[in-house]
Every structure is written in structure tokens, then in C-alpha cells.
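Please open the model in your viewer and keep the selection panel at hand. The stops below are meant to be taken in order, each with something to select and something to look for.

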Amino acid sequence: VDYPGSSHHVTSVGGSRIELTAANKRADEVVWFGPSAEPPLSSSTGGGGGTSILFERPWWQPKSVTKSSMRTVPDVVAHAAETPGWPVVTVFNEAGELGLFPVGGTSAATPFTASTIGLIAANERVKGRPALGQVQPLFYHLADKKPSTFFDIVTGNNDVFDKGCCAAKKGYDKASGLGALKFDKLAQRLPKP
């Protein structure tokens with residue numbers, strides 16, 4: 001697994017692919033695994049889950065959940081597929097014309113997750129409540145006590161290099177972590193100060 005994602009100081013965000021209905025509602029969400037944009041990685045790319053060989057399991061990541069004495073990742077996932085991808089406005093020619101281009105990968109999923117949690121934290125501060133601080137303990141607590149805070153991903157894998165890791169299953173797994181955060185539920189379920 002990659003550093004810094006394997007550090008216990010970091011919320012590790014893996015990748016998923018949202019499948020939508022014709023009405024633009026979530027029909028399903030699966031582990032992101034797709035064509036690589038950058039050789040020589042492989043013909044495929046994925047969220048990079050697994051077990052750290054450097055870092056012990058942090059106190060907030062229950063061994064009963066991860067089945068490991070070492071740090072496992074990811075903690076959560078967010079949409080990372082390049083198609084449809086996250087639209088980014090970019091200057092695309094010398095005339096300075098702007099265009100929308102899709103980006104993906106965990107390099108898109110991670111800032112989306114961080115910025116959304118940042119908005120939730122800012123809203124809490126505006127209401128005079130304390131800072132959220134390190135959110136991983138909250139995620140694992142909510143996964144245990146209020147599992148509907150997450151969309152549990154049970155389909156797919158991110159076995160980029162054919163090493164046998166990692167397949168999605170019910171509950172925590174090293175392909176999708178605790179699942180995809182339902183940010184509206186997270187905001188409603190923050191502990192009272």
C-alpha cells in the first residue's frame with residue numbers, strides 16, 4: 001500500500017464507480033477498477049487497498065473489523081472512475097478557450113471527500129460547535145453503530161497487479177474500506193458537543 005495513505009494520520013480514500021439510474025439516482029456502487037492512463041503501471045488501475053508493512057493498526061481501526069494487527073486501507077471510498085469522471089474546467093488551447101474534461105482516480109476521490117468533510121466541518125463551526133478533528137475514529141464508530149452512514153460496496157476488486165488483493169465483500173474490506181460515505185447522514189450523525 002502507498003504512503004501517506006497507510007499512515008494512521010491520514011484518512012485513506014479508495015475508489016468506486018457509481019452506477020446511476022435514468023433518473024440520476026444511485027443504482028449501485030462498485031469497486032473502481034479500470035484502464036490505466038499511465039503506463040508502465042499495468043493495463044489497469046484501481047484504488048490501491050491492502051495491508052501496510054510499515055504501520056501498526058491504529059487504535060481507532062478495530063482488529064475485529066480489519067482482521068489485522070497492521071494498518072489496512074482504504075478507510076472509505078468515493079467515485080473515482082474516469083467515465084463519467086469529475087468535470088474540471090481547463091484551458092484547452094492557445095486561444096484560451098475553456099472546456100470541461102473528466103478526471104478520475106483516487107486523486108479525484110480524495111479531494112472530493114476532503115472538501116465535503118471540510119464543508120461539514122465549516123458548517124459545524126458556523127453553528128458554534130467544536131472542530132471535527134481526526135475523523136477516522138468517527139467513521140469506524142459510525143460503521144459499528146450506524147452502518148447506514150455508508151453505502152456498503154460488495155462488488156468488484158482492485159487487484160491491479162494480480163496479487164490476489166482486494167475483493168469487495170459485506171462490511172469492511174481492503175477494496176472499499178467501510179464503503180462510500182453518505183455525507184448527508186454523516187452530517188446528521190455527528191456527536192453532540
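Rings of Phe, Tyr and Trp, with the six-membered ring standing for Trp, are taken as a pair if their centres lie within 6.5 Å. Bear in mind throughout that this is a predicted model.

**Aromatic pairs**

Begin by selecting Trp60, Tyr140 and Tyr172, which together form one aromatic cluster. A search of the whole structure finds 6 aromatic pairs, and two of them are visited here. A pair of aromatic rings is described by the distance of the centres and the angle of the planes.

Keep Trp60 and Tyr140 on display: their ring centres are 5.6 Å apart and their planes stand at 45 degrees, so this pair counts as tilted. Trp60 belongs to the loop between strand S5 (50-56) and helix H1 (63-66), whereas Tyr140 belongs to helix H3, so that the pair links parts of the chain 80 residues apart. Are these two residues buried or exposed? Trp60 is buried, with a relative accessible area of 4%, and Tyr140 is buried as well, at 5%.

Next, select Trp86 and Phe112, whose ring centres lie 4.5 Å apart with planes at 25 degrees; because planes under 30 degrees apart count as stacked, this pair is stacked. Here Trp86 sits in strand S8 (residues 86-91) and Phe112 in helix H2, 26 residues apart. Trp86 is partly exposed at a relative accessible area of 25%, and Phe112 is likewise partly exposed at 27%.

**The hairpin of S8 and S9**

From Trp86, extend the selection to the whole of S8, where the number of buried residues is 0 out of 6, so the strand lies largely in the open. Adding strand S9 (residues 98-103) shows its partner, since the two strands pair in the antiparallel sense over 6 bridges. Val91 stands opposite Leu98 in S9. Between the strands of this hairpin there are 6 residues, and Gly96 takes a positive phi near 80 degrees.

**The nonpolar cores**

Now select Ile117, Phe139, Phe150, Leu181 and Leu186, the residues that touch the most other members of the largest nonpolar core, which has 22 residues. Strand S7 (76-79), helix H2 (106-126), helix H3 (136-145) and helix H4 (183-188) are the elements that give two or more residues to this core. Which element provides the largest share of this core? The largest share comes from H3, with 4 residues.

Centre the view on Ile117 and display its surroundings: leaving out residues up to four places away in sequence, Ile117 touches Leu132, Val135, Phe139, Leu181, Phe183 and Leu186. A second, separate core has 8 residues, and Val77, Ile153, Ala168 and Ala175 are among them.

**Gln136 in helix H3**

Move then to Gln136, which is placed in helix H3 and is buried, with a relative accessible area of 1%. The side chain of Gln136 makes a polar contact of 3.4 Å with the side chain of Gln134. With neighbours within four places in sequence left aside, Gln136 is in contact with His8, His9, Val10, Thr11, Trp60 and Asp75, and with Trp60 the view returns to a member of the aromatic cluster.

**A charge over a ring**

For the last stop, select Arg26 and Phe151. Where does Arg26 lie relative to the ring of Phe151? Arg26 lies over the face of Phe151, at 4.5 Å from the ring centre.

Conventions. Residues numbered from 1 in each chain as written. Predicted model: local features only at pLDDT ≥ 70, side-chain atom pairs only at ≥ 80, totals over all residues. Heavy atoms only, no water. Core = buried A, V, L, I, M, F, W, Y, C linked by side-chain atoms within 4.5 Å. Buried < 20%, exposed > 50% of the residue type's maximum accessible area, 1.4 Å probe, protein only. Contact = heavy atoms within 4.5 Å. Phe/Tyr/Trp six-rings, centres within 6.5 Å; stacked < 30°, edge-to-face > 60°. Lys NZ or Arg CZ within 6 Å of the ring centre and 35° of its normal. Pairing = 2+ DSSP bridges. Polar contact = N/O pair within 3.5 Å; in protein donor to acceptor, adjacent residues only side chain to side chain.
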